[in-house]
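Have your viewer ready and work through these exercises at your own pace. Try each task before reading its solution.

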Amino acid sequence: MKILVTVGTGCFDSLIECCDKIACNTVYQFTFQIGKGEYLPKNGFYFDFQPDLALTHFDLIISHCGAGTVYKCLNSKIPLIAVPNLERSDKHQSELGYYLEKHNFCSTCFDLKELKKLIFDYKQCNYNEYSSVTFFGVSQVIKIINDSFKES
């Protein structure tokens with residue numbers, strides 16, 4: 001099984017290190033996208049960042065709760081374990097994590113001690129299918145923005 005661990009452009013060394021420790025005790029093939037992190041994995045290939053990464057080459061994605069990666073996985077129906085980066089000062093990743101958990105779109109891991117079990121059990125989980133909703137209000141948003149500039 002091929003697993004991608006991705007943290008986007010930021011730093012989430014605790015996730016990378018946790019997955020590296022799991023990787024040394026499994027036959028799974030891990031690839032790590034470490035962002036700006038300092039921890040260098042010893043049990044798999046790693047790189048810092050690559051835009052438009054081909055996620056479909058992997059059987060499972062373990063990702064920080066970055067909206068771009070999360071929604072790309074959900075839209076592509078790629079198995080996902082979403083891990084909110086609670087080390088960040090802002091909490092938007094935990095908010096997205098709670099949303100994913102509430103709607104049962106994927107596994108969500110708020111405690112890295114639970115990650116190994118989630119990896120080994122991911123095929124037994126039944127998730128709700130995610131479907132994106134097309135937003136038709138672009139013209140209305142542009143009008144509001146343009147009107148606010150006219151008033152300034």
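## Exercise 1: A strand with two faces

Strand β5 is covered on both faces: Leu-80 and Ala-82 are buried on one side, and Ile-81 and Val-83 are buried on the other. The model you are looking at is predicted.

**Task.** Explain why Leu-80 and Ala-82 share one side of β5 while Ile-81 and Val-83 share the other.

**Solution.**
- Step 1. Start with the general rule: along a regular strand, side chains alternate between the two faces of the sheet.
- Step 2. Apply it to β5: Leu-80 and Ala-82 fall on one side, Ile-81 and Val-83 on the other, and all of them are buried.
- Step 3. Look sideways for the partner of β5: β4 runs parallel to β5 and is joined to it by four bridges. Within that pairing, Ile-61 has Leu-80 as its bridge partner.

## Exercise 2: Laying out the sheet

**Task.** Work out in which order the six strands form the open sheet, and which are the edge strands.

**Solution.**
- Step 1. List the elements. The chain holds five helices and six strands, and from the N terminus they run β-α-β-β-β-α-β-α-β-α-α.
- Step 2. Follow the pairings. β1 pairs with β2 in the parallel sense over five bridges, with Ile-3 standing opposite Phe-30.
- Step 3. Continue from β2 to β3, a parallel pairing over three bridges. Here Gln-33 is opposite Phe-47.
- Step 4. Put the pieces together: the order is β3-β2-β1-β4-β5-β6, with parallel pairing. The edge strands, each pairing on one side only, are β3 (45-47) and β6 (107-108).
- Step 5. Check how enclosed β2 is. Four of its five residues are buried, so β2 is largely enclosed by the rest of the structure.

## Exercise 3: The helix in the core

**Task.** Find out how many residues of α1 are buried, and what covers them.

**Solution.**
- Step 1. Count the buried positions: eight of the eleven residues of α1 are buried, so this helix is largely enclosed by the rest of the structure.
- Step 2. Name them: Asp-13, Leu-15, Ile-16, Cys-18, Cys-19, Asp-20, Ile-22 and Ala-23.
- Step 3. Recall the helix geometry: with 3.6 residues a turn, residues three or four places apart point the same way.
- Step 4. Identify the cover. The elements over the buried residues of α1 include β1, β2, β4, β5 and α4.

## Exercise 4: Two nonpolar cores

**Task.** Determine which element supplies the largest share of the largest nonpolar core.

**Solution.**
- Step 1. Locate the core. It has 23 residues, and Val-5, Leu-15, Ile-62, Ile-81 and Leu-115 have the most contacts inside it.
- Step 2. List the contributors of at least two residues each: β1 (2-6), α1 (13-23), β2 (29-33), β4 (60-64), β5 (80-83) and α4 (115-121).
- Step 3. Pick out the leader: α1 gives the largest share, six residues.
- Step 4. Keep the other core apart. A second, separate core of 18 residues includes Leu-4, Ile-78, Leu-100 and Phe-105.
- Step 5. Zoom in on Val-5. Beyond its neighbours within four places in sequence, Val-5 is in contact with Leu-15, Ile-16, Cys-19, Phe-30, Thr-31, Phe-32, Gln-33 and Ile-62.

## Exercise 5: Buried or partly exposed?

**Task.** Classify Thr-69 and Leu-112 as buried or partly exposed, then list what each one touches.

**Solution.**
- Step 1. Take Thr-69, which sits in helix α2 (residues 67-76). Its relative accessible area is 17%, and the cut-off for buried is under 20%, so Thr-69 is buried.
- Step 2. Find its contacts: apart from neighbours within four places in sequence, Thr-69 is in contact with Thr-6, Ser-63 and His-64.
- Step 3. Move to Leu-112, in the loop between β6 and α4. Its relative accessibility is 22%, so Leu-112 counts as partly exposed.
- Step 4. List its contacts. Not counting residues up to four places away in sequence, Leu-112 touches Ser-14, Leu-15, Cys-18 and Val-83.
- Step 5. Add a distance: Leu-112 and Val-83 are 29 residues apart along the chain, and their C-alpha atoms are separated by 8.1 Å.

Notes:
Residues numbered from 1 in each chain as written. Predicted model: local features only at pLDDT ≥ 70, side-chain atom pairs only at ≥ 80, totals over all residues. Heavy atoms only, no water. Core = buried A, V, L, I, M, F, W, Y, C linked by side-chain atoms within 4.5 Å. Buried < 20%, exposed > 50% of the residue type's maximum accessible area, 1.4 Å probe, protein only. Contact = heavy atoms within 4.5 Å. Pairing = 2+ DSSP bridges.
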